[in-house]
Amino acid sequence: VLFLQIVHILNMTSAKIVSFLLHPEESLHSLQNRIEFETGISTGNQELLLETGICLDPRKPASQCVIDGVRGWDSYMVYLFDKSKTVYDGPFASRSLSDCVNYIVQDSKIQLPIPQLRKVWAEAVHYVIGLKEDYSRLFQGQRAAMLSLLRYNANLIKMKNNMVSASQQLKAKLEFFHQSIRLDLERYSDQMAYGISSEKMLKAWKEMEEKASQCAQAEDIGYLDEQIMALHTEIVELQKSPYARRQGEVMESLEQRAIDLYKQLKTRPPDHAYSDSTDMVKIIVQTVQSQDRVLKELFGHLSKLLGCKQKIIDLLPEIEVALNNIKEADNSVMQMQGKRQREIWHLLKIACTQSSSRSLVSSSLEGTAATPAATWLPQSSSGNTAPHPLSSLAAPEDGENFADVIRENVNYLELFSSILQEVRQEQNSIMVS
């Protein structure tokens, strides 16, 4: 018996406690099936919270409900909530009266012998204490719901910060992209008249600019930010609400009055005297009325907590979608920026190739112009150049010099043709890309 594990489940929808004997190594899903049979709440709608607001882990066994501690395993409670409901409005009936206590409540002025009255009043005191304990347990359930809400809110704030940070980064990248592509388009237009031109590439750049403007829609998270801020304000107000704090002072004072009244009766000698129960019945009635009032306030506050929690649950997928949209837009902008930069470097390569081909052609032309002049100008013994009477006639070795010049020009022509072919191929490739 000492090694048995009992779990107590407080159903917050009905304010009733159900207890279960845990089997060795029983899974949480098995326990939830038993809870569904007892309470009618389906396993999919069950939310089981510990006092700390932590939800039970479905991957762990059901024994996680039983916590070894100073208070002992039998004093811990697990709080059951129905996720399909956000409004808990009762009615919540108080615990039933015993027959003898109900007897004096029906007629408080009835005279009873002192020994019998002691027994009745002892049960009455127990009933008053029970009402206060019922409220205390329900208040702990409300507190667990508040702690669970704060955990959800912390996760919401974390996701919101990530979303805002990603949005700001996207905004900065878009501004940089727009400024750089405008500058590239301006410089490209300036060099089109004397440089390299590609209508397909120019059209692709303009399409990039339009696509970047569409990506700017992903950074618009103002509507989500407003909802999160309004929800955060609502949660702060719920934390400041007096109903978020324990309201059982009246019940505690009534409990103490009932105990004192019983002590006074206990000191009376057990003679043949009789007495009525008017004072004790007044305490019972006031305790029941106080409990009804505080429970109404408690469950009204609890409904607001659960409503805020549901709003957070509904917002989390929207924030996730916004984050994914921002990441996709960010990747798209970076890909477009990288593609345009590769195209710019490709244009630079083509320009450099054309420049080098021009220099080769000019140098070959200068060489061909100097070579015939040298062959037709004979050198005098003094080193001075002077016209020769037979200069218009070709010497026997001039045919060989002409043949060398022709071969050299043919080689340069072939080299120049191959360079022009490479340039055309590169221009065609960049137009296709």
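Two strands count as paired if DSSP finds at least two bridges between them. In this predicted model, β1 and β2 clear that bar easily enough to start with: they pair in the antiparallel sense over seven bridges. One of the contacts along the way puts Q5 opposite L22, its bridge partner in β2.

Stepping back to the whole chain, there are eight helices and six strands. Read from the N terminus on, the elements go β-β-α-β-β-α-β-α-α-α-α-β-α-α. Of the 433 residues, 36% count as buried. The accessible surface comes to about 25700 Å², and carbon and sulfur atoms own 55% of that. As for contacts between residues at least 6 apart in sequence, 81% join residues at least 24 apart.

Back to the strands. Four of them form an open sheet, lined up in the order β2-β1-β4-β3, with mixed pairing. The edges are β2 and β3, each of which pairs on one side only. From one strand to the next, the twist averages 30°. Over at the β3 edge, β3 (residues 46-49) and β4 (residues 78-82) pair in the antiparallel sense, this time over four bridges. Here L49 has Y79 in β4 as its bridge partner. Strand β3 is also covered on both faces: Q46 and L48 are buried on one side, and E47 and L49 are buried on the other.

Two helices lie across this sheet. Helix α1 (28-39) lies across β1, β2, β3 and β4, and it runs at about 140° to β2. Helix α3 (residues 114-191) also lies across β1, β2, β3 and β4, running at about 70° to β4. One residue of α3 to look up is K132. With a relative accessible area of 17%, K132 falls under the 20% cut-off and therefore counts as buried. Leaving aside residues up to four places away in sequence, K132 touches M251, E252 and E255.

Next come two backbone angles. Most residues other than glycine have a negative phi. A15, however, has a positive phi, near 60°. This residue sits in the loop between β1 (5-11) and β2 (16-22). A15 is partly exposed, because its relative accessible area of 28% lies between the 20% and 50% cut-offs. E25 has a positive phi too, near 60°, and its place is in the loop between β2 and α1. E25 counts as exposed, because its relative accessibility of 74% is over 50%.

Finally, the aromatic rings. A pair of such rings is described by the distance of the centres and the angle of the planes. The count for this model comes to two aromatic pairs. One of them is F81 with Y88: the ring centres are 6.4 Å apart and the planes are at 20°, so the pair is stacked. The cut-offs behind that call are centres within 6.5 Å and planes under 30 degrees apart. Both F81 and Y88 are buried.

How values were computed
Residues are numbered from 1 along each chain as its sequence is written. This is a predicted model: local features need pLDDT of at least 70, side-chain atom pairs count only at pLDDT 80 or more; totals for chains, interfaces and linings use all residues. Side-chain values use heavy atoms; hydrogens and water are left out. Buried means under 20% relative accessible area, exposed over 50%, partly exposed in between (1.4 Å probe, protein chains only). Rings of Phe, Tyr and Trp (its six-membered ring) pair if their centres lie within 6.5 Å; planes under 30 degrees apart count as stacked, over 60 as edge-to-face and the rest as tilted. Contact means heavy atoms within 4.5 Å. Accessible areas come from the Shrake-Rupley method with a 1.4 Å probe; for residues, only the protein chains shown count as cover. Axes are lines fitted to C-alpha atoms, for helices over the stretch in contact, and angles run from 0 to 180 degrees between N-to-C directions.
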